[in-house]
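Let's take a walk through this one, a couple of helices at a time. Keep the viewer open and follow along.

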Amino acid sequence: MISKPYIKLKNVSKVFGQNPDTVIDLVQNNIDKTELQNDYNHIIGLQNINIEIPKNKIQVFMGLSGSGKSTLIRHLNQLIRPTSGEIVVNNVNVTELNKKDLINFRRENFAMVFQKFALLPHRTVLSNTYFGLQIRGIKSPELENTAKYWIDKVGLDGFENYHPNQLSGGMQQRVGIARALANDAPILLMDEPFSALDRALKFSLRMDTRKILKSEKITVLMVSHDYNDALVVADKLAIMSEGKIAQIGPPKEVVLNPINKEIKKQFV
């Protein structure tokens with residue numbers, strides 16, 4: 001049985017520059033990124049992206065710096081607006097939402113895990129975890145109970161009253177994951193979530209993260225530069241290059257059978 005797309009990007013392009021609309025036809029007709037920059041003084045962020053992501057699946061995007069992977073996931077919650085194209089999330093065309101509706105849609109549908117943890121140093125593990133809930137106006141005891149559930153889920157039971165500077169890097173990232181999941185959003189955006197950790201911590205956190213995400217039935221879009229993240233965590237891997245999706249498929253298939261030398265370099 002083929003899953004229906006929960007998230008769909010159709011012909012999405014993003015152009016950076018003074019007058020993107022004047023060159024968008026060129027971008028849609030696949031002008032070379034270097035040519036657009038040299039001859040028209042505009043930069044391609046994304047070019048004709050088409051992808052469908054089923055509900056409750058984990059999609060990882062890999063690529064070198066400047067490939068467009070982080071730009072792409074920021075289009076999902078419209079932190080970056082596309083120059084052209086359509087983005088549909090759970091049957092809602094988010095590119096058509098006004099500012100007020102977009103704020104509400106983000107709050108109800110998206111959570112994010114950051115590369116640099118982004119924990120508040122003066123707050124404990126418990127209060128960092130329930131921070132998003134507190135902003136939404138949720139009161140005790142639901143506030144603490146929800147936070148404690150997720151703290152236990154990520155393996156930090158007993159550390160509720162610790163502060164970030166008392167935790168290892170891996171433990172801090174677990175707090176970041178707990179904070180994101182506590183918001184009960186159906187979609188989780190993860191931007192290089194394991195890159196600041198050493199190899200041993202990465203391995204254990206990858207395994208635990210996939211187990212949690214699959215058990216809780218969450219749709220995930222993750223950005224990474226490490227193919228091991230995809231091999232352990234992802235259901236599907238997309239390789240990005242110069243603002244385009246260059247190859248997509250099951251992680252092992254993509255890693256073992258890159259379609260060209262440029263993609264192969266990322267797995268060395």
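Start with helix 7, where the buried residues are Leu143, Ala147, Trp150 and Ile151. Look down the axis of helix 7 and those buried residues fall within an arc of 105 degrees, so they line one face of the helix. That fits a simple bit of helix geometry: an α-helix has 3.6 residues a turn, so residues three or four places apart point the same way. Bear in mind throughout that this is a predicted model.

What sits over that face? The cover for the buried residues of helix 7 includes helix 5 (125–129), helix 6 (131–135), helix 8 (169–182) and helix 9 (199–215).

You can also check the length of helix 7. Its twelve residues (142–153) should span 16 Å at 1.5 Å a residue, and the end C-alpha atoms are indeed 16 Å apart, which agrees. After helix 7 comes Gly155, with a positive phi near 85 degrees.

Now for the packing with helix 8. Two packed helices are described by the angle between their axes and the distance between the axes. For helix 7 and helix 8, the angle is about 135 degrees and the axes are 9 Å apart. That makes helix 7 oblique to helix 8, since only angles over 145 degrees count as roughly antiparallel. The crossing of the pair is right-handed. As for who touches whom, Thr146, Trp150 and Ile151 from helix 7 meet Ala178, Leu181 and Ala182 from helix 8.

Next, move on to helix 9. Its 17 residues should cover 24 Å at 1.5 Å a residue, and the end C-alpha atoms lie 25 Å apart, which agrees. Here the buried set is Lys202, Leu205, Arg206, Thr209, Ile212 and Leu213. Seen down the axis of helix 9, these buried residues fall within an arc of 145 degrees, so they line one face of the helix. Ala200, Phe203 and Lys211, on the other side of helix 9, are exposed.

The buried residues of helix 9 pack against both strands and helices: strand 3 (58–63), strand 7 (187–191) and strand 8 (219–224), along with helix 7, helix 8 and helix 10 (227–233). Just past the end of helix 9, Lys217 has a positive phi of about 55 degrees.

Finally, jump to Val15 in strand 1 (residues 5–16). Is Val15 buried or exposed? Val15 has a relative accessible area of 1%, so it counts as buried. Beyond its neighbours within four places in sequence, Val15 is in contact with Pro20, Val23, Ile24, Val27, Leu36, His42, Ile43 and Thr83. The C-alpha atoms of Val15 and Lys148 are 43 Å apart, with their positions 133 residues apart along the chain.

Note on methods
Residues numbered from 1 in each chain as written. Predicted model: local features only at pLDDT ≥ 70, side-chain atom pairs only at ≥ 80, totals over all residues. Heavy atoms only, no water. Helix = DSSP H or I, 4+ residues; strand = E, 2+ residues; numbered from the N terminus. Expected span 1.5 Å × (residues − 1). Buried < 20%, exposed > 50% of the residue type's maximum accessible area, 1.4 Å probe, protein only. Arc of directions from axis to C-beta. Contact = heavy atoms within 4.5 Å. Axes fitted to C-alpha atoms, helices over the stretch in contact; angles between N-to-C directions. Parallel < 35°, antiparallel > 145°, perpendicular 65-115°, else oblique. Left-handed = near helix turned anticlockwise from the far one by under 90°.
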